[in-house]
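Good morning. I will go through one structure, from the whole chain down to a single strand.

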Amino acid sequence: MTQDELKALVGQAALQYVTPGEIVGVGTGSTVNKFIDALASMKGQIAGAVSSSEASTARLHSLGIPVFDAGAVGDIAVYIDGADEIDAQGYMIKGGGAALTREKIVAAQSRRFVCIADESKLVKVLGAFPLPVEVIPMATARLARQFAALGATAQLRLKDGIPLVTDNGQHILDVRGLQITDPLGFESQVNQWPGVVTVGVFAHQKASVCLLGTPDGVKTLNY
């Protein structure tokens, strides 16, 4: 199976975690797009969605699925999103699509996090994928030096030759050269650095379940 087919497989499988009548939290990215497309088959059964990005909101609207502001609803039953990396404890690196801050907000508002990914995203130690960190622009150079002190290299993410601007009006540093053996501690540490909006380690908001697409079908990992 191609990677695209594996994404479609887990996107469809995630529907079993959607509760009729509830609002569902929806993440961002190519795998989530497959879930959104599958969710259209249930749009008459759900109250709507809370979205983690402008891109996902536009896709949901295009399929006729109502989208609510996170501040207008209470707890969300389930949040469904992808990951750039996930380990055996359900800790993740996220933010390849630059939506990590809103993703973490919706994840924190949700009672259950269902991660959908293909098997290439399962790792023993987080850090091979460049860690996204959303930052306030004036702090970029200093934060790059703080990562350098950890032995890592932080590079400003560009789009069309200029700094990428997130939905929140901020920039992204992509950090290479990390081995994150203590995800909870690392997330807490970097979140305290002035100028960091959100670090793309999802340990405090880890996955409850991972639906992993494999050539043999969907493998369910419970944490």
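The chain has six helices and 16 strands; these are DSSP runs numbered from the N terminus, with at least four residues for a helix (H or I) and at least two for a strand (E). This is a predicted model, where local features need pLDDT of at least 70, side-chain atom pairs count only at pLDDT 80 or more, and totals for chains, interfaces and linings use all residues. Residues are numbered from 1 along each chain as its sequence is written, and side-chain values use heavy atoms, leaving out hydrogens and water.

Now the overall shape. The C-alpha trace spans about 50 × 35 × 35 Å along its principal axes. Of the 223 residues, 52% count as buried, meaning under 20% relative accessible area with a 1.4 Å probe, protein chains only. Among contacts with a separation of 6 or more, 71% come from residues 24 or more positions apart; a contact means heavy atoms within 4.5 Å.

Next, one strand. Why is strand E8 described as largely enclosed by the rest of the structure? Five of the five residues of E8, residues 131-135, are buried, so the strand is largely enclosed. Leu 131, Val 133 and Val 135 point one way, while Pro 132 and Glu 134 point the other way.

E8 has antiparallel partners. Five bridges join E8 to strand E12, residues 171-176, and three join E8 to strand E13, residues 196-199. Two strands pair if DSSP finds at least two bridges between them. Glu 134 has Ile 172 as its bridge partner in E12 and stands opposite Thr 198 in E13.

Methods. Buried means under 20% relative accessible area, exposed over 50%, partly exposed in between (1.4 Å probe, protein chains only).
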